[in-house]
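The exercises below ask you to work from the coordinates towards a local description, one step at a time. Please have the structure open before you begin.

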Amino acid sequence: MTGGVAPASTAEQLLEELGVAPDPQLFELALTHRSYAYEHGRIPTNERLEFLGDSVLGVVVTEHIFTSYPDLAEGRLAKLRAAVVSTQALARVARTLGVGGLLRLGRGELTTGGRDKDSLLADAMEAIIGAIHVQYGIDGARTFVHHVLDDLISEAATMGAGLDWKTSLQEIAADVGADSLVYEVTSAGPDHDKRFTAHVRVGDRLFGPGTGRSKKYAEQEAAETAYRALHAEQEARAAADAGTATDDTAGDASAPAVLDTAPGGRATDPA
């Protein structure tokens, strides 16, 4: 790779393993932000690949959720797709793959933390998908999308009606009888590189922290922490209740005896 880009990354290794590694020049183009292009003689940017990748991603995710969740209504399918292809979701995947370290950015974006901006990371993920499609077609793109997003799709399908952590937390908080849900957010750093830290108070319990470059992202992260904790507690209580019910039934002498059935459907006395 040229232009100051790192020679190797989790993203590149994964593409090699999946057999869909795009041509080096095409991959470099997928990582070239317009801020870099403007500073280097207005060279091509990743925007056309991003445009293609956005459409390919939508098709692959749509066909997957359509076939995998036959009982979901159209409105629910639309919300599920929107959650999976959202800027936040794609940025999360990009961070896992180390895409930020590969981005070709101009000086302005570099000084304002562009390598960790949700929008730039999500755009790069779409451009990478577009680059894979150019070289390998829809089957290659589908292989990559399924590998990096299937777990996220499964997770999103179990969430609340809004398919985001804040909505899901609101629903589970109501389920557990919490009388209030309040987000507490602080910020630090200069205006061009501000960091937000969020906690969420559910009733008298405080969860977090969530951190990010935007208040919304920090709140979503804090909500995720709270939701996972409350959901785990719900499941533990349900399992304990089920165990108690089983024990009560097993020890109930008044429970009806199970009779053997003789040929022809006639009940017989147990031995």
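**Exercise 1: the setting of E109**

In this predicted model, E109 belongs to helix α7, which covers residues 107-111. Determine whether E109 is buried or exposed, and list which residues it touches beyond four places in sequence.

Solution. Begin with the relative accessible area of E109, which is 18%; because buried means under 20%, E109 counts as buried. Next, leaving out residues up to four places away in sequence, one finds that E109 touches H33, S35, G114, K117 and L120. Finally, take L120 from that list: E109 and L120 are 11 residues apart in sequence, and their C-alpha atoms are 9.6 Å apart in space.

**Exercise 2: backbone exceptions**

Find where R42 lies and what the sign of its phi is, and then identify which residues a cis peptide bond joins.

Solution. As a reference, most residues other than glycine have a negative phi, and most peptide bonds are trans. R42, which is not a glycine, nevertheless has a positive phi of about 55 degrees. R42 sits in the loop between α3 (34-39) and α4 (47-68), and with a relative accessibility of 63% it is exposed. The cis peptide bond, with omega about 0 degrees, joins G208 and P209, and P209 lies in strand β3, residues 205-212.

**Exercise 3: the span and cover of α4**

Compare the span of α4 with the expected value, and state what covers its buried residues.

Solution. The 22 residues of α4 reach 31 Å from first to last C-alpha, close to the expected 32 Å. Its buried residues include L49, G53, V56 and V60, and the cover over the buried residues of α4 includes α2, α5, α6 and α8.

Note on methods
Residues numbered from 1 in each chain as written. Predicted model: local features only at pLDDT ≥ 70, side-chain atom pairs only at ≥ 80, totals over all residues. Heavy atoms only, no water. Helix = DSSP H or I, 4+ residues; strand = E, 2+ residues; numbered from the N terminus. Buried < 20%, exposed > 50% of the residue type's maximum accessible area, 1.4 Å probe, protein only. Contact = heavy atoms within 4.5 Å. Expected span 1.5 Å × (residues − 1).
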